[in-house]
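Work through the exercises below with the sequence and the structure in view. Each task is followed by a solution in steps.

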Amino acid sequence: MKEKIDNLLSKEPSRWMEKALRDEVNEAWLERSSNIALRILGALQANRMTQKELAEKTGVSPQQVSKLLKGNENLTLETIAKFEAALCIVLIAIPESVSGSEAELSTAHVQKKSASRIRGSKALLSAPQGRAAEKVHEAGSGYGKKARKKVNIRG
């Protein structure tokens, strides 16, 4: 019996802790990345556009578009700008005029918010893959809403 169990176990040590620590350290940009992915997915749905069509319009490979829309990739400003142009949406807005004290307050707020997230247990429990899909699932994808309304009205 022990031999069968030993054969099932991986010879390589698990890297889940390494992944969890990466997620914890990168929580701030992973959160932004998943929010951007959700906005892009919503715009694709609203424009009735496929990921392949988005890739063609932006010159980004379909594989890269797919990876980016999972919400766990560090997007470049160049790619964000291409997506904004192709979808006619704003993904990142930068205030026109910010005084020094406002910028310091804003930075302090972001740092405080990031620190509180890192301290929370959620960072260790959630894997970086599929963050956007996880949020879509929580919020509801939008598919089947009419059917649910009909069921609720009749039921």
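**Exercise 1: Confidence**

Task: In this predicted model, find which helix has the lowest confidence and which has the highest.

Solution. Confidence in the chain is lowest in helix α8 (residues 122-125), with a mean of 38. Helix α4 (residues 51-58) has the highest, at 97. Next, take the stretches with pLDDT below 50. Residues 117-129 are one of them, and in the model this stretch has 21 contacts beyond near neighbours in sequence. Residues 141-155 are also below 50, with four contacts beyond near neighbours in sequence. For the whole chain, the mean pLDDT is 75, and 63% of the residues reach 70 or more.

**Exercise 2: The two faces of helix α2**

Task: Determine which residues of helix α2 (residues 16-25) are buried and how they are placed around the axis.

Solution. First, list the buried residues of α2: A20, D23 and E24. Second, check their directions: these residues cover an arc of only 100° around the axis, so they lie on the same side of α2. Third, turn to the face away from this buried side, where the exposed residues E18 and V25 are found.

**Exercise 3: A nonpolar surface patch**

Task: Locate I5, decide whether I5 is buried, partly exposed or exposed, and name the patch that I5 belongs to.

Solution. Start with the location: I5 is in helix α1 (residues 2-8). The relative accessibility of I5 is 44%, and therefore I5 counts as partly exposed. Finally, I5 forms a nonpolar patch on the surface with M1 and L9. Together these residues have about 360 Å² of accessible area.

Definitions and conventions: Residues are numbered from 1 along each chain as its sequence is written. This is a predicted model: local features need pLDDT of at least 70, side-chain atom pairs count only at pLDDT 80 or more; totals for chains, interfaces and linings use all residues. Side-chain values use heavy atoms; hydrogens and water are left out. Patches are made of residues with over 30% relative accessible area and no salt bridge: like charges are joined within 9 Å, nonpolar side chains (Val, Leu, Ile, Met, Phe, Trp, Tyr) within 5 Å. Accessible areas come from the Shrake-Rupley method with a 1.4 Å probe; for residues, only the protein chains shown count as cover. A salt bridge is a side-chain nitrogen of Lys or Arg within 4 Å of a carboxyl oxygen of Asp or Glu. Helices (H or I, at least four residues) and strands (E, at least two) are DSSP runs, numbered from the N terminus. Buried means under 20% relative accessible area, exposed over 50%, partly exposed in between (1.4 Å probe, protein chains only). pLDDT is the predictor's confidence in each residue, from 0 to 100. Contact means heavy atoms within 4.5 Å. The arc is that of the directions from the helix axis to the C-beta atoms.
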